[in-house]
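Work through the exercises below with the sequence and the model at hand. Each task is followed by a solution in steps.

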Amino acid sequence: MLNLSHIDKAYGSHPVLRDLNLQVPAGSCFCLAGANSCGKTTLLSIAVGLQKPDRGQVTWSGRYSYVPQHGALAEDLTVRDNLRLWYAACGRDPRQMFSSNSAEALFGLSPHKGKSVSSLSGGMKKRLSIAAALLAEPDCLVMDEPFTALDLVAKREISSLLRKIQQRGTTILLASHDPHEIASLCDHIAVMRDGKIALCQQLKDADAEQISRLILSLAAR
C-alpha cells in the first residue's frame, strides 16, 4: 500500500528524518507514535506529497486522502457549503449529498448541514473533515493527530467511525500520542525516535498502559 524507502529530510542544518524506512500494509490501521518533534508530521506530509524528501522514495498503490491536524475547512461557510466545495473538487454529484449511504450521513452531519463550521464542536469539525476526505473514495485515509483537543466522548465516537471505515476495506494511517485510542483502534504501530523508526510491530491485544510504556521506553532512549 505505502512504502517509504531511505527517506532523509532536513530543515536547514537540522535533520528531521534520517534514512527512514516504513511499509504500511493494505487494510491495516497503522499508527505513527513518538515524542513531540520526532518527525511524525513531516513524515506524513512527505508521504502524501505535500513536501519532498531530500533523499529517498515514496511509493503508493491506490488513492489516498489526507486530514491535517487542524483540518482544511472554510470556517465561515456552512457544513453544506463546505461539502459542496469538496463534492466539486472530487467530481462527485452534489445531489448525492446527505444521501443515506453518504459519509456525511454516516458521520451524523445531516442535522448540522445548515450550521456554520465556526459554530461546531471540535468533534463535529473532525467528523466533517474526515467525511470530506472520504469523498475522494480513498484506498487509504491519512490523518495527523485526529484525537487532539477532543473530549472523551468525541474520541470514542471518532474511533467508532474509523473502525467502520476500516471494516469497509480502507487502510488508515494516523499519527497519534493517545495510547487509549491507539489500543482501541490500531493493529500496527511504528514508534519514531531521532528521525528514524525505532520499532515497528503488529499490536496484538495490547492495552493502553502497555502501549504507553512502549512509547515512553523507546522515546526516552
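Helices are DSSP runs of H or I with at least four residues, numbered from the N terminus. The model used here is predicted.

**Exercise 1.** Locate Phe98 relative to the helices, and decide whether Phe98 is buried or exposed.

Solution. Step one: Phe98 sits in the loop between α2 (79–89) and α3 (103–106). Step two: buried means under 20% relative accessible area. Step three: Phe98 counts as buried because its relative accessibility is 15%. Step four, the backbone: Phe98 is not a glycine, yet its phi is positive, about 65°. Most residues other than glycine have a negative phi.

**Exercise 2.** Find the element that holds Asp19, and describe the backbone and accessibility of Asp19.

Solution. Step one: Asp19 belongs to strand β2, residues 14–24. Step two: Asp19, also not a glycine, has a positive phi of about 45°. Step three: the class between under 20% and over 50% is partly exposed. Asp19 has 34% relative accessibility and therefore counts as partly exposed.

**Exercise 3.** Describe the largest pocket and the second largest pocket by volume and lining.

Solution. Step one: the largest pocket holds about 350 Å³ of space. Its lining consists of 18 residues, with Asn101, Ala103, Leu134, Glu137 and Arg168 closest to the centre. By class, these lining residues are 8 nonpolar, 5 polar and 5 charged.

Step two: the volume of the second largest pocket is about 230 Å³. Here 13 residues form the lining, and Gln69, His70, Gly122, Lys125 and Lys126 lie nearest the centre. The lining of this second largest pocket comprises 4 nonpolar, 6 polar and 3 charged residues.

Technical notes:
Residues numbered from 1 in each chain as written. Predicted model: local features only at pLDDT ≥ 70, side-chain atom pairs only at ≥ 80, totals over all residues. Heavy atoms only, no water. Helix = DSSP H or I, 4+ residues; strand = E, 2+ residues; numbered from the N terminus. Buried < 20%, exposed > 50% of the residue type's maximum accessible area, 1.4 Å probe, protein only. 1 Å grid on protein atoms, 1.4 Å probe; cavity = no way out; pocket = protein on both sides within 12 Å on 5 of 7 lines; lining within 4 Å. Points joined across faces, edges and corners; volume = space filled by probe spheres on them. Nonpolar A, V, L, I, M, F, W, Y, C, P; charged D, E, K, R; others polar.
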